[in-house]
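These are my notebook entries from a session spent looking through one structure, written down in the order in which I looked things up.

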Amino acid sequence: MTTSSITVERRGTVALLTFARPDQLNAMSGAMVEEIVAAIANTERDDTARALVLRGAGGNFMAGADIKAYAQQSAEAFRDFQESAGRIYGALESLAKPVIAAIEGYALGGGFEIALSADLIVAHPDAKLGLPEVKLGLVPGGGGTQRLARKLGPNRAAELLMTGRFASAQEMANCGVVNRIAEDTLGEALALAEQMARHPAGALADLKRLNLAAWQTGLGAGLDAERDAVCALFLTGDGMQRIRDFVARSERKKTEGTKA
Ligand code: COA
């Protein structure tokens with residue numbers, strides 16, 4: 001699918017969404033928000049798409065919300081944009097499939113907030129990540145103050161938020177926010193996505209939900225949800241078949257060993 005500001009293509013079982021306003025460093029316009037939300041919904045509906053990888057065209061992930069559009073907006077339009085863009089971050093977390101952000105160049109403001117809403121981040125060694133809204137006299141509006149503090153810890157988040165400085169991929173990897181650093185950023189992200197996509201969809205969906213619960217809810221609620229999930233998966237044909245396959249393989253090895 002090609003629209004004005006994003007492209008969506010398939011790489012095997014992985015859906016690849018590309019932010020495509022490279023001359024504006026993929027700054028997020030109102031039209032782009034609608035296209036991204038629709039693309040995530042399509043990925044949810046498409047059972048053959050088992051994971052989602054996000055990247056930007058032209059060597060940058062995304063330099064945040066479209067500041068030029070901000071300059072034209074009334075207070076009401078600005079609020080509408082914040083609410084509208086908020087659907088992206090929620091939709092990425094609710095998508096019952098792994099989401100990986102493949103970051104080259106800048107991932108700033110809403111771009112970093114999108115990456116923080118993904119399950120994993122793969123970054124180029126030269127990538128720059130940050131929430132520079134303070135330089136505009138603003139605060140992040142897409143969950144950045146909340147997700148960054150939870151993922152990075154409040155003190156390190158405070159430093160990035162209050163200085164507005166850009167962090168390197170290595171700094172973010174040292175803090176655990178970036179999973180992997182790779183020259184071939186997209187290749188590494190796609191390989192990781194494919195590795196995940198091979199596993200049963202139900203187990204992956206539950207793992208994503210439970211992983212989010214681990215940092216978004218209390219321990220008790222998370223442990224209850226985990227127990228319910230493992231018991232429900234035990235009953236699925238897929239789960240039972242794989243357990244029987246494991247036992248059959250073990251018995252076969254013993255039988256073959258006896259004969260030898
Ligand atoms: N909104 C709108 N346009 C943006 C943009 C944004 N968030 N970020 C970059 N652009 C545009 C620039 O205005 C420029 O367009 P122009 O050629 O029409 O002037 C083009 O993208 C290239 O950016 P430029 O600033 O010339 O590149 P640079 O390499 O000198 O600097 C950045 C790169 C990322 C440091 C700088 O563009 C920047 O600070 N962007 C804003 C980041 C930000 O504050 N994001 C949070 C928004 S709430």
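Entry 1, the histidine. I began with H124 in this predicted model, and I asked whether H124 is buried or exposed. I noted a relative accessible area of 15% for H124, and because buried means under 20%, I entered H124 as buried. I then looked up where H124 sits in the chain, and found H124 in the loop between β6 (120-123) and β7 (128-130). Setting aside its neighbours within four places in sequence, I listed the contacts of H124 as I103, E104, A169, I181, A182, E183 and T185.

Entry 2, a covered helix. I turned next to helix α4, which spans residues 110-117, and recorded that this helix is mostly covered, with eight of its eight residues buried. I wrote down the buried residues of α4 by name, and they are G110, G111, F112, E113, I114, A115, L116 and S117.

Entry 3, the domains. I looked up how the protein is divided, and noted domain 1 (6-197) and domain 2 (201-259). For the contact between them I recorded 14 residues from domain 1 and seven residues from domain 2. Taken over C-alpha atoms, the centres of domain 1 and domain 2 are separated by 30 Å.

Entry 4, the area between them. I reminded myself that the size of an interface is often given as the accessible area lost when the parts come together. For domain 1 and domain 2 I entered a buried area of about 840 Å², with carbon and sulfur atoms giving 59% of it. I also asked which residues of domain 1 lose the most area to domain 2. I found R50, E93 and R150, which together make up 46% of what that side buries.

Entry 5, the polar pairs. I asked how many salt bridges are counted between domain 1 and domain 2, and the count is one. I noted separately that the side chains of K208 and D119 meet in a salt bridge, at 3.0 Å from N to O. Across the interface of the two domains I also recorded five residue pairs in polar contact, with both residues at pLDDT 80 or more.

Entry 6, the side of domain 1. I noted that α3 (75-94), α5 (144-152) and α8 (185-197) each supply at least two residues of the side of domain 1 that touches domain 2. The largest share of that side, three residues, comes from α5. By class, I entered seven nonpolar, no polar and seven charged residues for the side of domain 1 that touches domain 2.

Conventions: Residues numbered from 1 in each chain as written. Predicted model: local features only at pLDDT ≥ 70, side-chain atom pairs only at ≥ 80, totals over all residues. Heavy atoms only, no water. Domains from an automatic or database assignment. Contact = heavy atoms within 4.5 Å. Buried area = accessible area lost by both parts, 1.4 Å probe. Salt bridge = Lys/Arg side-chain N within 4 Å of Asp/Glu carboxyl O. Polar contact = N/O pair within 3.5 Å; in protein donor to acceptor, adjacent residues only side chain to side chain. Helix = DSSP H or I, 4+ residues; strand = E, 2+ residues; numbered from the N terminus. Nonpolar A, V, L, I, M, F, W, Y, C, P; charged D, E, K, R; others polar. Buried < 20%, exposed > 50% of the residue type's maximum accessible area, 1.4 Å probe, protein only.
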